[in-house]
Amino acid sequence: MAGHEIPEPADRKQVADPGSEPLTVEESRPSCDPAFRHGVVVGFDGSMSSERALAYAIGMAHRHSSGLIIVHVANRLPTTVWAGCEPPVFVDVPDHRTEVLGLELACAEYLAEVPWVLVERGGDICHELEEVGREYSADAIVVGSTHGIVGRIFGSVAGRLARRAQRPVIVIP
């Protein structure tokens, strides 16, 4: 029926103003303490290189009067073997190392200079460090360099993070 308009029902409500911009829905993410916004994120696992990175990050946070976000990424192990067909499924393995690290850090006198928080994550280290940096709007991410054959074969966390991060990455030798 050319030229015939279908009348709108009388009970129809206008949902949105066609001229207005769409509203954005806040992403569901953990709430971050405002004291740590624009802080310094540091990857920490208790190794010598991560201890050097922590020392540098403490100094950086102290100089900038900001908070320190210490991130420990827990182990995740594949439950299937990579066969080239489909990616492996990962399961979280209880990692009591975070609790031990938390106790060690709580007793450390050198952390008294800056406000700090310990964040535990599970998964890919690079992804999780960048995600925490994004959540806290971090000014920088500090990591220690990887030494040894494993880093040379599989690539270091610092190198992968520096290539993909959306914020400055500081690698401490």
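**Cores and buried faces in the predicted model**

Setting aside neighbours within four places in sequence, Leu 54 touches quite a list of residues: Val 42, Phe 44, Leu 68, Ile 70, Leu 105 and Tyr 110 are in contact with it. All of this comes from a predicted model. Leu 54 also turns up in the largest nonpolar core, a set of 19 residues, where Leu 54 ranks among those with the most contacts inside the core, together with Val 40, Val 42, Leu 68, Ile 70, Leu 111 and Val 142. Strand E1 (40-43), helix H1 (48-63), strand E2 (68-74), helix H2 (97-107) and strand E6 each give two or more residues to this core. The top contributor is H1, with six residues. Apart from this core lies another one, of 18 residues, including Ile 69, Cys 126, Leu 129 and Tyr 136.

Then there is helix H5 (residues 157-164), in which Val 157, Ala 158 and Leu 161 are buried. These three sit on the same side of H5, because the arc they cover around the axis is only 95°. As for what covers the buried residues of H5, helix H3 (125-135), strand E6 (140-144) and strand E7 (169-172) are included.

Helix H3 also holds Glu 130. Glu 130 counts as buried because its relative accessibility is 12%, with the cut-off for buried set at under 20%. Again leaving out neighbours within four places in sequence, Glu 130 is in contact with Leu 161, as well as with Ile 141, Ala 165, Gln 166 and Arg 167. Leu 161, for its part, is one of the buried residues of H5.

Technical notes. Residues numbered from 1 in each chain as written. Predicted model: local features only at pLDDT ≥ 70, side-chain atom pairs only at ≥ 80, totals over all residues. Heavy atoms only, no water. Buried < 20%, exposed > 50% of the residue type's maximum accessible area, 1.4 Å probe, protein only. Helix = DSSP H or I, 4+ residues; strand = E, 2+ residues; numbered from the N terminus. Arc of directions from axis to C-beta. Contact = heavy atoms within 4.5 Å. Core = buried A, V, L, I, M, F, W, Y, C linked by side-chain atoms within 4.5 Å.
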